[in-house]
Amino acid sequence: MLVFFNPIKFGITFTFGNLLSLGSTAFLRPKTQLTMMLDPVRIYATATYLSSPQQALNSCGNRIRVQALI
């Protein structure tokens, strides 16, 4: 329901949650985590994962611009 009622709050919490998740997995061995993420088998999943917070924030920004025009 957070998406429909307050998408800006959703985008910010989604991005913050993803950053915390990525930071927690790389806490002990960041080089190993980065190597595993850039593995040829996982590169598409990594690109999708890293671009999803950016897309969430972009969609929130677009909603702010549309509301400003109205």
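UniProt positions are given here in the numbering of this model, with feature names shortened, and the annotations may be inferred rather than shown by experiment. The model is predicted: local features need pLDDT of at least 70, side-chain atom pairs count only at pLDDT 80 or more, and totals for chains, interfaces and linings use all residues. Residues are numbered from 1 along each chain as its sequence is written, and side-chain values use heavy atoms, leaving out hydrogens and water.

**Exercise 1.** Find which residues the "transmembrane region" covers, and describe that span.

*Solution.* Start with the record: the unreviewed UniProt entry gives residues 6-28. Next, look at the model, where this span is 83% helix and 0% strand (DSSP runs: H or I, at least four residues, for helices; E, at least two, for strands; numbered from the N terminus). Its end C-alpha atoms lie 35 Å apart.

**Exercise 2.** Work out where the buried residues of α2 sit around its axis.

*Solution.* First list them: Pro 7, Gly 11, Thr 15 and Asn 18 are buried (under 20% relative accessible area; exposed is over 50%, partly exposed in between; 1.4 Å probe, protein chains only). They share one side of α2, because their arc, taken from the axis to the C-beta atoms, is only 80°. Now turn to the face pointing away from that side: it carries exposed Ile 12, Phe 16 and Ser 24.

**Exercise 3.** Place Ser 52 and name its contacts beyond four places in sequence.

*Solution.* Begin with helix α4 (residues 43-69), which holds Ser 52. Then check its exposure: at 24% relative accessible area, Ser 52 is partly exposed. Finally, its contacts (heavy atoms within 4.5 Å) are Phe 14 and Asn 18. Asn 18 is 34 residues away in sequence, with 9.0 Å between the C-alpha atoms.
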